[in-house]
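Student: I am new to this structure and would like a close look at one part of it. Please pick a strand and go through its surroundings step by step.

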Amino acid sequence: MNNEELETAIREYIPQIIHMSLATVKDNKPWVCEVHFSYDDQLNLYFVSSQETRHATELLSNPYVAGNIVTQHHKNQKVRCVDFEGTASMLEGDEAEATAYKAYVDRYGASEGLLNEIRKDGNTRFFKIAVDTFYMFDSYEQERAKHTLPWNGGNA
C-alpha cells in the first residue's frame, strides 16, 4: 500500500469508530484510557477531558502520546487497526472553539450545551493531538501487514 492509498484507507476507516485508546507516560509508567474523539481535515485528533484526569495531567507534563483507533474484532475476522504517535496539547478559548468544538459538532452534532458546559466548568477542556506518524495494521487487502505513514497534517 503506498502513502496515498494508506491515507485514503485511514480516512475511510476512522469515521466508523467513536473511541480511541490514548496512552500517556509519567515516570516511566504507562497509562492507557479510552476517550471519544473527533478529527479535522488534517487528521488532528481532538477529545474532551477534565484537566484532573490521569491522562490529562500526564500529557500536560509530557506531551508525547500514542494510541489506536480500532473496532472490536471477532475470531477469524479480517483485522484493521489505526495506531498513531504524536504530541498532545490543551486548547484554550478561541482556538478550542474554532477547531475542536467545530470538529465535535461536525462529527456528533453536539449542541451549544457542550460548549457552554466547558465554558462554565473551567476544568473540562478540549485537547488536540498533532499526529506525527500513523500506522495501519491491515489484513483487508492481502496478507497481514503493518504500514507506516509519516504525517504532518498531510504535508509529510
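Tutor: What follows is a walk along one strand and its partners, and then a look at some charged side chains. The model is predicted. The part to look at is strand S7, which covers residues 124–138. Of its 15 residues, 11 are buried, so the strand is mostly covered, where buried means under 20% relative accessible area.

Three pairings of S7 can be followed in turn. Strand S6, residues 80–90, runs antiparallel to S7 and is joined to S7 by 11 bridges. One place to find this pairing in the model is Val 82, whose bridge partner in S7 is Met 136. Strand S4, residues 45–50, is also antiparallel to S7, with 6 bridges between them. Here Phe 47 stands opposite Phe 127 of S7. Strand S8, residues 145–150, pairs with S7 over 6 bridges, again in the antiparallel sense. In that pairing, Phe 134 faces Leu 149 of S8 as its opposite residue. When reading along any of these strands, it helps to keep a general point in mind: in a regular strand, side chains alternate between the two faces of the sheet.

Two of the partners of S7 are also linked by a salt bridge. Lys 146 and Asp 83 form this bridge, and their closest N and O atoms are 3.0 Å apart. Lys 146 belongs to strand S8 and Asp 83 to strand S6, so the pair ties together parts that are 63 residues apart in sequence. Asp 83 counts as buried because its relative accessibility is 16%.

The total count of salt bridges is 5, and two others among them make a useful contrast in position. Arg 11 and Glu 7 meet through their side chains at 2.9 Å, N to O. Both residues lie in helix H1, residues 3–13, and are 4 residues apart, about one turn of the helix. Arg 11 is partly exposed, at 31% relative accessibility, and Glu 7 is partly exposed as well, with a relative accessible area of 25%. Lys 102 forms a salt bridge with Asp 106, with the closest N and O atoms 2.8 Å apart. These two residues are in helix H3, residues 93–108, and because they are 4 residues apart, about one helical turn separates them. Lys 102 is partly exposed at 47% relative accessibility, whereas Asp 106 is exposed at 55%.

Methods: Residues are numbered from 1 along each chain as its sequence is written. This is a predicted model: local features need pLDDT of at least 70, side-chain atom pairs count only at pLDDT 80 or more; totals for chains, interfaces and linings use all residues. Side-chain values use heavy atoms; hydrogens and water are left out. Buried means under 20% relative accessible area, exposed over 50%, partly exposed in between (1.4 Å probe, protein chains only). Two strands pair if DSSP finds at least two bridges between them. A salt bridge is a side-chain nitrogen of Lys or Arg within 4 Å of a carboxyl oxygen of Asp or Glu.
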